Amino acid sequence: MFKRKDLLDIQTLSSNEITHILDVAKEMKPKIDDKSLRILELENKTAVTLFYENSTRTKMSFTLACKYLGVTLADLLVSTSSVNKGESLVDTGVTLDKMGIDTVIIRSSKTGAGHLLAKNIKASVINAGDGTNEHPTQALLDAFTIIENKGSIKGLKVTIIGDILNSRVARSNVFLLSKMGAFITLAGPRTLVSKNMEKLAENVEVTYDVKEAIKDCDVLMGLRVQFERQNEPVIPNTREYHELFGIDKNDMKNMKDDVLIMHPGPVNRGVEMSSYIVDCKNSVINEQVKNGLAVRMAILKILLSNK
Ligand code: CP
């Protein structure tokens, strides 16, 4: 069961807590397509989205998750808020708290922003991505998608390729997949994958040989090169990156027939993956988006029912 006030990371969750969230997400998923199943069970609850960084998938799925469950939602548009007059994150959070909200869904470029907010306000805090630290709801939706397609995570070989160094998605996935018994390979250029990442969790290995890393994996997860987090260029250019580290049609010959191809989005087609790979029959990238909504409905239900 899940008794916490907040959802801040995967690192401190137990495998039982993860399984509970995924079980509730399974109950939620049919409500996306079948409106007759939607019950406005959180009608007296209020949520605020506080996104200091850009988002399509995470923000929109939390927005729709609130609407499908009857949660009253307000978006604090950071670009027109008093943040621009120098107001601190804690003062912003306390201000929202005093207005009687039940939860804040925060995305920030600062590691630990959600943790700081959670310590200072009564409302539940959901981390929708903090800097290069964690993106817990992404890892949960990825786990949901893997289980839906492979039955279980235990014993699977999962290869994550790309800009691992700057990726909160990679970190949250490493923590979750390791807890659930997967073997994880992190692959990419030396400038974007550190050998030290093997110490993040059990059963994690780092390689710089992408072609070798894709050979026998059950799940292949591509990651975007996050140019916005790089102070100086770490790859020569995107064309060369694709040739050396990108996945394209030719690579399918060297992968398992039933390999599951995933990507958290947004995808830079032709950089980390060709369009052929993004749209091929093994790709579940669009299903990940749908599962993101189910998982976020589950998290809102669990946290707000606890209050
Ligand atoms: N995967 C993900 O977090 O996408 P957004 O940045 O669009 O929310």
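Visitor: What covers the buried residues of α9?

Guide: In this predicted model, the cover over the buried residues of α9 includes β5 (157-161) and α8 (210-213).

Visitor: Which residues of helix α9 are the buried ones?

Guide: Helix α9 spans residues 238-245, and its buried residues are Y241, H242 and F245. These three lie on the same side of α9, because the arc they cover around the axis is only 105 degrees. The general idea is that an α-helix has 3.6 residues a turn, so residues three or four places apart point the same way.

Visitor: Which residues are exposed on the other side of α9?

Guide: There you will find R239 and E243, both of them exposed. R239 also takes part in a contact at the start of α9, where its backbone nitrogen has a side-chain oxygen of N237 within 3.1 Å.

Visitor: Turning to the ligand, which residues are around it?

Guide: The residues around the ligand are S55, T56, R57, T58, R107, H135, Q138, P264 and G265, and for some of these a polar contact can be read atom by atom. With T56, a backbone N or O atom lies 2.8 Å from an oxygen atom of the ligand. With Q138, an N or O atom in the side chain is 3.1 Å from a nitrogen atom of the ligand, whereas with P264 a polar backbone atom is 2.9 Å from a nitrogen atom of the ligand.

Visitor: How much of the ligand does the protein bury?

Guide: Taken alone, the ligand exposes 260 Å², and the protein buries 91% of that area.

Notes
Residues are numbered from 1 along each chain as its sequence is written. This is a predicted model: local features need pLDDT of at least 70, side-chain atom pairs count only at pLDDT 80 or more; totals for chains, interfaces and linings use all residues. Side-chain values use heavy atoms; hydrogens and water are left out. Buried means under 20% relative accessible area, exposed over 50%, partly exposed in between (1.4 Å probe, protein chains only). Helices (H or I, at least four residues) and strands (E, at least two) are DSSP runs, numbered from the N terminus. The arc is that of the directions from the helix axis to the C-beta atoms. Contact means heavy atoms within 4.5 Å. A polar contact is a pair of N or O atoms within 3.5 Å; within protein, one must be able to donate a hydrogen and the other to accept it, and residues adjacent in sequence count only if both atoms are side-chain atoms. A residue is near a molecule or strand if one of its heavy atoms lies within 4 Å of it. Accessible areas come from the Shrake-Rupley method with a 1.4 Å probe; for residues, only the protein chains shown count as cover.
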